[in-house]
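Hi there,

I'm passing a structure on to you, along with some notes on what turned up in it. Have it open while you read, and look up each residue as we get to it.

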Amino acid sequence: MDIKLKKFGHNSFGKVIAFLLCAAFFIAVLIQSMAVILLINQDDGIYVDDPLDLLSSKNYTESNSFELGFYQKMLTLVDTVQWLKSEENIKMGNTIDPNELEHRKRTLFNNEFNQNFGYRYYNESYDAYVVEDGNEQIVLDYDNKDARKLFETSYAAKIKELKNQLIERDLREYRDDILYLNKIKGFSYYAENGDHVLTNLDQTKYASDYAIREFFQEQYAYRLYLKGEYFSHPQTNRIQSYWEDRIKNHLYDNSAEDSLLYMAYDDEYVKNQSALFQEIRSQIIIYIGIILFCLFMTVALFVYLLVTTGKKREDGTLILYQIDRWSTEIQLILITLILIIGGALTISAFDEFLNMVEYYGNPYSPIILAFYAIAYALAAFGLFFILSMARKIKAKRFFSDFILWRIVKSVFTTVKELYYGSNITRKVAFLLAAMCLFSASVVMMPVVLVISLLYCIKAIKQYEEIKKGVHEMKNGNLSYKIKLNGNALGEFEGLAQDINDISEGFDVAVKQELKNQRLKTELISNVSHDIKTPLTSIITYVDLLKKEGLDSDDAPKYLEILDQKSIRLKKLTEDLFEAAKASSGDIPLDMHEVELLSLINQGLGEMNDRFEKRGLEIIIKAEKEKYYALADGQLLWRVVENLFGNIIKYAQKNSRVYIDIREEVGEELSKKTIIEIKNVSENPLNIPAEELLERFKRGDTSRSTEGSGLGLSIAKDLMQIQGADFDILIDGDLFKAILTLDSKELEMNFEG
């Protein structure tokens, strides 16, 4: 199937598909990124530092995840054995944070006690809750010793309930930590802090601390802390050293001098974790590959949409839709809101996304699909407004469509028009208001009076000059110019300039009319002469045939002359008719690609005998083999035919005719194809080039040749109909015709 590349970018169906796919690939990037985060945060015993750690590490034991696992378990052990210690210790209330308890007591006091136990008392001095104690009032403020004592006595049961809540919370945390540590298969631990021991070992099997330490040192990997000394196996690499340093620093900072903490992994644990690590690593690689592909497609489709968005009219202006005419602020606000809502939705929905995937077991539950749909809709709306903004920028309306810009521009234009563009009444009113303002004081009134008198004298002089100029113009002196001296208002200056322009325009119009009358007279004379000549010959030879009869010896010669003059008269009539049609533009137009060299060679081939008869040598100069232009082939052929006929009639015999074809860059970087045809005239060209383009004008002023004087005029009109240019230049006896057409590159077609 043939596909034209230039039309592909403006294919509406293709752009709609690209739009939908761009939004879809963008959402796919977000979803796959969430899947990666979900994968590295799943609760399966693997602590993943970041995806790059998974990709850069060859195996589990060389990754950050390996050391990070020790670090997370160490935090749980240290917090449990150092702070919570045991259930008995927690139940005794030793783990209650005094600051937290104090905060909860203060909250209970302010929210319940002072309102239920006292009453509101208000005067000019203070506004507070108070309680009567004998003849005294106790202000119910927590920082008041008497008030707090009363509170702790009255609310002793509730305060005890607060403490029990904190104890229950710590008990749950302690039990959860023990449960977490004990369910990890292949992980052994032993932590001792004074009288408190935390371990998952069967201590009846080990008679001493040495035996316990020896057990841990026999495992595949261990981390030991013995009363201020730290030991590890296997040795960490440069990447893992960060987390091991954090383990050591935390132990040194948060453990007593006589504390012990042992952690170890056996072979089976490391084997299982390594398999899980490789599985997650493989999935991460797949997900990242999908993310990169979707990201590439998103960017590629987005760039394609930015480049192709916006259709152009034939005059090159961009077609804007209704949404493109919205103010720039509204579009920017909508884009910003979509980004904020989309970002907030993604962040807030992420935890729910993880829970839903965990609950339903797959990322395609109804709730998650609804999230996908909402995210896709937001992405599509955002892209829609961004493309509208791109069209606005292409149309150069980005800043002009700002409401603030419109307001500022409107105010500036109004102020400008008030002084420069408004009528004289408003200007005078403005000046009078200024004069009244300044003359309101005794000091400024004389100054304003003097300035007003000077201005009036100047304005009156200008008025007299204008009056004189109008009088001269009325009497026919169109060359008279009013002197322009300038004045305060500028109205007289503008009026004088307008009168001078009118006078100059009338002068030019009169001269042009005289020229047109002269040309009209010459046109009538030339038409009469060109028609009268063959018509006279026809009448004469018809009269001779009548007298001598058709049987006379000269009859064949008379008939031949009559035939020639009839053809001449017919050709002249056809040229007149064609000139009238070309001048009015009433000719059907079929614009398409025309190959110029082929057209010229075709014309030379058809008229070759006539060129050879005159002894004319044609020399063509072209840099390329093919030149394409946008033109009507039939009309352009008639132009070329007229020019070649003109050369055959008027060129110097046995001379050269030069045809140059080239391409040039015109205005606005448009490419033009130039055809120049040059020849030397047989007769002197003592006529301006512009007159040769007029009807019935010839370089042969004697009008002894067979030409009608319409060829060049017709050629110019036909070129103008095609939107092209036609000019001639005369340099002595050198005649040059120049045709300028819009280049048209041949569109490339591909099989597809």
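**What was found**

Asn654 counts as exposed, at 67% relative accessibility. Before going on, please keep in mind that this is a predicted model. You will find Asn654 in the loop between α21 (633-650) and β13 (656-665). Its phi is near 55°, a positive value in a residue other than glycine.

Where else does a residue that is not a glycine have a positive phi? Try Lys227, with a phi of about 50°. Lys227 sits in the loop between β7 (221-226) and β8, and it is exposed, with a relative accessible area of 54%. The cut-off for calling a residue exposed is over 50% relative accessible area, so Lys227 at 54% qualifies.

That loop belongs to a hairpin: β7 and β8 form it, with two residues between them, and Lys227 is in the turn. The two strands run antiparallel and are joined by five bridges. β7 also pairs with β9 (residues 260-265), again in the antiparallel sense, over six bridges. A good residue to click on is Arg223, which stands opposite Ser232 in β8 and opposite Met263 in β9.

Is β7 mostly covered or mostly open? It is mostly covered, as six of its six residues are buried. In a regular strand the side chains alternate between the two faces of the sheet. Here, Ala221, Arg223 and Tyr225 point one way from β7, while Tyr222, Leu224 and Leu226 point the other way, and all are buried.

Just after β8 (229-233) there is a loop leading to α10 (241-254), and Pro234 lies in that loop. The peptide bond from His233 to Pro234 is cis, with omega near -5°.

Now for the nonpolar cores. The largest one has 76 residues, and those touching the most other members are Met74, Leu77, Phe151, Leu198, Leu251 and Tyr265. Helix α2 (residues 12-40) gives the most to this core, with 12 residues. Apart from this core lies another, of 40 residues, among them Ile600, Leu685, Ile728 and Leu739.

Which residues does Phe151 touch, not counting those up to four places away in sequence? They are Lys105, Leu108, Phe109, Phe113, Tyr142, Ala156 and Ile159.

Happy exploring, and write back with any questions!

Best wishes

How values were computed: Residues are numbered from 1 along each chain as its sequence is written. This is a predicted model: local features need pLDDT of at least 70, side-chain atom pairs count only at pLDDT 80 or more; totals for chains, interfaces and linings use all residues. Side-chain values use heavy atoms; hydrogens and water are left out. Helices (H or I, at least four residues) and strands (E, at least two) are DSSP runs, numbered from the N terminus. Buried means under 20% relative accessible area, exposed over 50%, partly exposed in between (1.4 Å probe, protein chains only). Two strands pair if DSSP finds at least two bridges between them. A nonpolar core is a set of buried Ala, Val, Leu, Ile, Met, Phe, Trp, Tyr and Cys residues joined through side-chain atoms within 4.5 Å. Contact means heavy atoms within 4.5 Å.
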